[in-house]
Amino acid sequence: MTYILQQLINAVQLGSIYALIALGYSMVYGVLRFINFAHGDIFMVGAFLSYFAAVLIKRLAGATAIPTALIFVGSMLLAMLGTALITLSIERIAYRPLRRYRLSVVITALGMGVFLEHMTLVIVGPWRISFHPLITETVYKVVGVSISTTQLVIIFVSILLMLILEFIVRQTKQGMAMRAISYDREAVPLMGVNVDHIITLTFAIASCLAAAGGLLYAHAYPIIEPYMGIMVGWKAFISAVVGGIGVIRGAMLGGYILGFVEIAAGAIFPSRMRDLISFVVLMIVLLAKPTGIFGLPLRQKV
Amino acid sequence: MLLSVENLEVSYGHIKALHGISFHVDEGEIVALIGANGAGKSTTLKAISRLISVQAGNIRYEGKNLLDFAPHDVVKLGIAHVPEGRRIFGNLTVMENLKLAAYNRKDREGIAQDFERIFALFPRLAERKEQRGDTLSGGEQQMLAVARALMTRGRLMLLDEPSMGLAPVLMRDLFRVLREINEAGTTILLVEQNARMALKFAQRCYVLETGNIVLEGPSSELAQNPAVQAAYLGG
Ligand SMILES: Nc1ncnc2c1ncn2[C@@H]1O[C@H](COP(=O)(O)OP(=O)(O)OP(=O)(O)O)[C@@H](O)[C@H]1O
Ligand SMILES: [Mg+2]
């Protein structure tokens with residue numbers, strides 16, 4: 001029983017990170033009907049920027065001792081900013097001019113992913129960097145189950161970010177515009193909304209979530225390297241599809257489903273079979289429900 | 001002159017949809033553009049609200065050249081386009097559809113007043129505020145489309161076949177509301193296939209045939225014109 005509870009906590013931790021990244025795929029798909037295949041690498045860039053931001057903050061602080069919590073938050077915000085700037089440049093330079101050419105823009109996204117991997121490789125070299133945690137580790141024992149501050153922070157921060165996202169999408173006029181675009185993009189300008197602004201905002205939010213995902217992932221698995229975004233990116237993408245791509249809550253649910261499946265697969269089968277089993281399970285879900293669990297809102301026929 | 005269109009040409013690929021049409025709308029007027037399927041009525045409205053690109057000609061609104069503006073900026077200038085087929089956002093509630101149409105407005109009080117005015121004009125919408133757009137009936141969707149145009153505070157309303165698919169009773173209600181809106185100061189350019197309705201409603205009328213304006217004049221005169229009677233009023 002304690003073993004199961006223990007694994008459940010691990011699953012929620014992993015699922016939270018997948019959910020954050022899956023949201024980026026899903027939101028961009030919602031407004032553009034386009035899969036941003038560079039998003040996994042955006043996540044990787046987020047992890048590296050968090051690393052450098054932490055180094056920078058510590059360097060700036062010099063001898064003055066600052067609380068690790070402050071470094072954590074500061075690094076996350078700086079990484080979000082940097083990642084968003086990079087993503088928006090990519091959108092502006094590489095995606096926007098090709099927006100009407102559906103296949104070309106997908107290929108370009110794959111290319112941008114490879115570009116980001118190799119830029120990182122050139123800048124930091126081929127080494128695996130170990131990420132110094134920005135969370136003071138304490139392990140609590142609750143009814144025989146151990147839960148660490150790192151796990152608590154990962155889960156708490158992810159859920160907080162998802163609540164903020166939920167607020168933006170449900171309550172603000174920009175969020176309304178995002179949802180309207182996903183339903184009938186051509187009619188949105190008639191409401192006086194600049195669709196390009198909303199698309200830019202969507203990419204910015206998606207990359208902020210990915211950056212946070214990068215920082216949190218680096219706390220769960222404290223080794224970062226330029227190719228770390230590939231597998232995580234595929235998994236998050238598939239989570240988004242399983243939940244119903246284009247639907248915000250679908251991406252969240254899909255992320256957690258993958259977290260649970262992966263931990264369960266790892267607990268039951270030899271660890272080298274973990275990814276194989278998780279992908280098979282997700283494929284089965286898709287076969288049963290091809291549009292994902294929450295389905296895709298069909299574009300209105302005109 | 002509030003709106004003037006001069007020698008407007010629009011093509012879709014190699015097919016020319018408008019062959020240099022000219023017309024104008026004065027402040028406070030109701031003007032109708034009638035014509036058969038494929039005549040180019042919707043194309044004309046889309047060109048005005050800048051949803052499609054224009055090959056030649058000019059569109060002026062309050063002295064400004066509309067061709068210099070993007071569609072969302074045309075809305076800010078005060079042109080509200082109620083598109084063909086309503087185009088309600090089905091995944092948004094009635095209230096959210098209305099709020100979205102007030103996207104560029106900052107006057108909280110004015111917005112609140114407009115909500116009241118809209119719900120007084122369309123009580124059926126008031127009862128369905130929290131309902132999703134795609135659960136409304138066709139007639140309710142048409143009301144919501146007009147209400148959205150009101151929320152943008154348009155001074156000129158472009159209406160693309162508002163009567164389509166409406167039962168006669170609902171249609172009369174809708175046109176009664178549209179007349180109230182006009183009397184409150186909004187100029188209307190109405191596109192209709194239902195020529196009988198349009199001629200009754202509008203002061204002036206243009207007849208569009210395969211991308212050319214073939215007739216124009218006061219509605220009362222056009223209604224007496226034998227050619228119009230034969231082609232559009234069923235003899
Ligand atoms: N997106 C498009 N691509 C190609 N041709 C188009 C397009 N939209 C309209 N057309 C053509 O342009 C012409 C005018 O179309 P338009 O929609 O303006 O007609 P309409 O007068 O509004 O007709 P209806 O009463 O059926 O709505 C038609 O021949 C139509 O086939
Ligand atoms: Mg039409």
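Ala, Val, Leu, Ile, Met, Phe, Trp, Tyr, Cys and Pro count as nonpolar, Asp, Glu, Lys and Arg as charged, and the others, Gly among them, as polar. Keep these classes in mind for the views below, which all come from a predicted model.

**View 1. The largest cavity has residues of both chain A and chain B in its lining.** Let's start inside the protein. A search of the whole structure finds one cavity of 30 Å³ or more, and the space in the largest cavity comes to about 50 Å³. Chain A lends Leu190(A) and Met191(A) to the lining. From chain B come Ala80(B), His81(B), Val82(B), Pro83(B), Ala145(B), Arg148(B), Ala149(B) and Thr152(B). Two elements of chain B each give two or more residues to this lining: strand 6 (79-82) and helix 6 (138-151). Sorted by class, the lining has seven nonpolar, two polar and one charged residues.

**View 2. The largest pocket has a volume of about 930 Å³.** Now let's turn to the pocket. Its lining is made up of 35 residues, and those closest to its centre are Arg99(A), Arg185(A), Glu186(A), Pro189(A) and Val195(A). Which elements give two or more residues to the lining of the largest pocket? They are helix 4 (102-124) and helix 7 (195-220) of chain A, together with helix 2 (71-77) of chain B. Helix 4 of chain A provides the largest share, three residues. The classes you met at the start apply here too: 18 residues of the pocket lining are nonpolar, three are polar and 14 are charged.

**View 3. Chain B contains 10 helices and 10 strands.** Here you can look at a whole chain. Along its principal axes, the C-alpha trace of chain B spans about 45 × 40 × 30 Å. A compact globule of 235 residues would have a radius of gyration near 18 Å, and chain B agrees with this because its value is 17 Å. Of the 235 residues in chain B, 56% are buried. Consider next the contacts in chain B between residues at least 6 apart in sequence: 67% of them join residues at least 24 apart. The chain exposes about 9,900 Å², and 49% of that area is supplied by carbon and sulfur atoms.

**View 4. Arg176(B) sits in helix 7 (residues 168-183) of chain B.** Is Arg176(B) buried, partly exposed or exposed? Its relative accessibility is 45%, so Arg176(B) counts as partly exposed. To get a feel for distance, find Gln131(B) as well: it is 45 residues from Arg176(B) along the chain, and the C-alpha atoms of the two are separated by 25 Å.

**View 5. Val143(A) has a positive phi, near 35 degrees, although it is a residue other than glycine.** Look for Val143(A) in the loop between strand 2 (139-142) and strand 3 (145-148) of chain A. With a relative accessibility of 67%, Val143(A) counts as exposed, because the cut-off for that label is over 50%.

**View 6. Glu161(B) is not a glycine, yet has a positive phi of about 50 degrees.** Where in chain B is Glu161(B) found? Look in the loop between strand 7 (156-160) and helix 7. The relative accessible area of Glu161(B) is 6%, so this residue is buried; the cut-off for buried is under 20%.

Definitions and conventions:
Residues numbered from 1 in each chain as written. Chains lettered and ligands numbered in written order. Predicted model: local features only at pLDDT ≥ 70, side-chain atom pairs only at ≥ 80, totals over all residues. Heavy atoms only, no water. 1 Å grid on protein atoms, 1.4 Å probe; cavity = no way out; pocket = protein on both sides within 12 Å on 5 of 7 lines; lining within 4 Å. Points joined across faces, edges and corners; volume = space filled by probe spheres on them. Helix = DSSP H or I, 4+ residues; strand = E, 2+ residues; numbered from the N terminus. Rg over C-alpha atoms; globule rule 2.2 N^0.38 Å. Buried < 20%, exposed > 50% of the residue type's maximum accessible area, 1.4 Å probe, protein only. Contact = heavy atoms within 4.5 Å. Areas by Shrake-Rupley, 256 points an atom, 1.4 Å probe, with all protein chains shown as cover.
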